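Got your viewer open? Here's a short tour, one selection at a time.

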Amino acid sequence: MSELLSRVQESNERNTKQSSKRSTQQNVEPQRTNDLQIRHVSKNYAQPGGNLEVLADIELDVAAGEFVSVVGASGCGKSTLLRLIAGLDAEFDGTIRLDGQTVAGTSLARGIVFQEHRLFPWLNVEQNIGVALRNSGLDAAQKRLAIAEHIELVGLGGFEHAYAHQLSGGMAQRVAIARGLVNRPSVLLLDEPFGALDALTRSRLQGELQRIWARERITMVLVTHDVEEAVFLGDRVVVMQPRPGRVKRVVDVPMARPRNRSDPEFIRIRDDVLREFAEPGGAADASL
Amino acid sequence: MAHAADFELTPPAIDADRAGHTKPTRTPTSTSTSTSTSTAPRRWRGAVLPLLALAVWWGVSATDISRSGLLVSPQQVVHTGIEQIASGALWRALSASLARELTGFALGTAGGLVLGGLLGFSRLAERVLGPSFNTFKQISLFAWIPLISVWFGLGDAAKVVFLSLAALLPVVAHVSDGIRNVSPELLEVARVYRYTRWQVVVRVVLPAALPSVFTGIYLALIYSWLATLGAEYLLVAGSGIGNMLIDGSEQFRMDLVLFGIVVIGIVGWALNASARLLERRLFAHRSR
């Protein structure tokens, strides 16, 4: 497995095509290789009623291998921030850098999982994961191997040939996670990936995601409106506030994994984060 | 609410999701087909009315209520049918009609694919041709018959032009709609994985539009068959199943007319059934 992973990693590096640029960057900042830097990021929407400030001066560093949760009420711009990092939206002020390189457009080094699974209905599980590898530069045998490993990773062995409509919501989202990971990206962005699932499936998949992250050590940024989910998964929880979208507070979660939701320390941190939403001016509709 | 629907639609999938992902004992495809089994009696309910009508017809013609010649007995229709088949008259008429039908269908569909593709893919074409096409669509096909008969006469050429027009309209409408209605979420997935323009067209837009394209072609097949009869009634020259009906009516031979109607019904049903069968084969794995 690890042998293939390193091969995939190599090919990803080939794909970024700017390894020379990277090495000069590394000379400037030798310690910070695989990290994500968000500097003075602001975004405005021109609206009929005036200018809407979606994001105001966001500053955030995510270290390589770190799991950061971004939590906030709807409308605080957290999903917009994720789309900027993904490169799906280039209209913003400030800079976002990954691995020393400024983000411009999408890249296979930045995977994303959306709230909806967004699987292609005419492809089966295997082929849907293969969608991510089409431009990866791997040969057919490497692709097959990578797909098989990631199906195993998300626990869908036996469902390789099932189509999206034959899968439950939770299983479809597992496929979406496998598709996001199969390129071995430097960072995996998760945009409320469990938001549309029922409570039981959601908590199950949160556990699965924690296991996958602990095993793969890929940097992950999770956007959610669920405080418990944010605390359960994150090394740090970034609390965002709406109008304009900005970072209110960053809470550390110095707890070992796997975490237990009934651990007093877990409850203390969760309540601490929840208090941010109870205060006047904060959004009261943060769900739990 | 959405979850409740999920439970009903894919029970085996949900089970697997809950039960800790041990290897599924049944494949998802085999389990998802476990729908209704005892619908056989229900299927024959549709035959009740026609059989009843046949019995009444038989009874009425047997009891000598009407001797006007407007009503012939079923036996006589069957007899005429056997005669028409044996003499080869039916086959000549039917093959002439079907040849025209298929020629018009093929020409109209081919033109419709090109024009629909143009309208779907090109904004410019949509802006320049779209309004004209939408206006053109509103004009009843039969309104063109006088013009067609002046330009192309009453023979095969005129009929094929008319049939092509009948087949063209639904194909254009469904192809362009299918292409334009490709989900933006799936297009975004293609962007995330850096699909080229060509890859987006071939790997996302065309497969996504395919069911709609097929619906257009299916309608073209039905419309062109209906138009075949219209053309044979209105552009009276040469042979065909429609001409057979006209001859029967002119010679006051109701048996011939009724036999013709039965044949037309059977052909229409066969076209419809074969298209449905093909559709089911092609899109068996899709939910919608």
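Begin in chain B with F252(B), just after helix 13 of that chain: its phi is positive, about 60°. Keep in mind as you click around that this is a predicted model.

Now step back to helix 13 of chain B itself, residues 241–250. Which of its residues are buried? Color I241(B), G242(B), M244(B) and L245(B): those are the ones. Look down the axis of helix 13 of chain B, and these buried residues fall within an arc of 155°, so they line one face of the helix. To see what covers them, show helix 7 (89–121), helix 12 (197–234) and helix 14 (254–282) of chain B, which are among the covering elements.

Next, switch to chain A. You'll find nine helices and 10 strands there, and 45% of the 288 residues in chain A are buried.

Pick out the open sheet of four strands in chain A, which runs in the order 2-1-4-5 with antiparallel pairing. Strand 2 (50–62) and strand 5 (101–102) of chain A are its edges, each pairing on one side only. For a look inside the sheet, select strand 1 (residues 36–47) and strand 4 (residues 93–98) of chain A, an antiparallel pair joined over five bridges. Zoom in on I38(A), and you'll see that its bridge partner in strand 4 of chain A is I96(A).

Last stop: add helix 3 (residues 78–86) of chain A, which packs on this sheet and touches strand 1, strand 2 and strand 4 of chain A. Its direction makes about 65° with that of strand 2 of chain A.

Note on methods:
Residues are numbered from 1 along each chain as its sequence is written. Chains are lettered from A and ligands numbered from 1 in the order in which they are written. This is a predicted model: local features need pLDDT of at least 70, side-chain atom pairs count only at pLDDT 80 or more; totals for chains, interfaces and linings use all residues. A residue is buried if 20 or more other C-beta atoms lie within 10 Å of its own, exposed if 12 or fewer, and partly exposed in between; C-beta atoms are placed from the backbone. Helices (H or I, at least four residues) and strands (E, at least two) are DSSP runs, numbered from the N terminus. The arc is that of the directions from the helix axis to the C-beta atoms. Two residues are in contact if their C-beta atoms, placed from the backbone, lie within 7 Å. Two strands pair if DSSP finds at least two bridges between them. Axes are lines fitted to C-alpha atoms, for helices over the stretch in contact, and angles run from 0 to 180 degrees between N-to-C directions.
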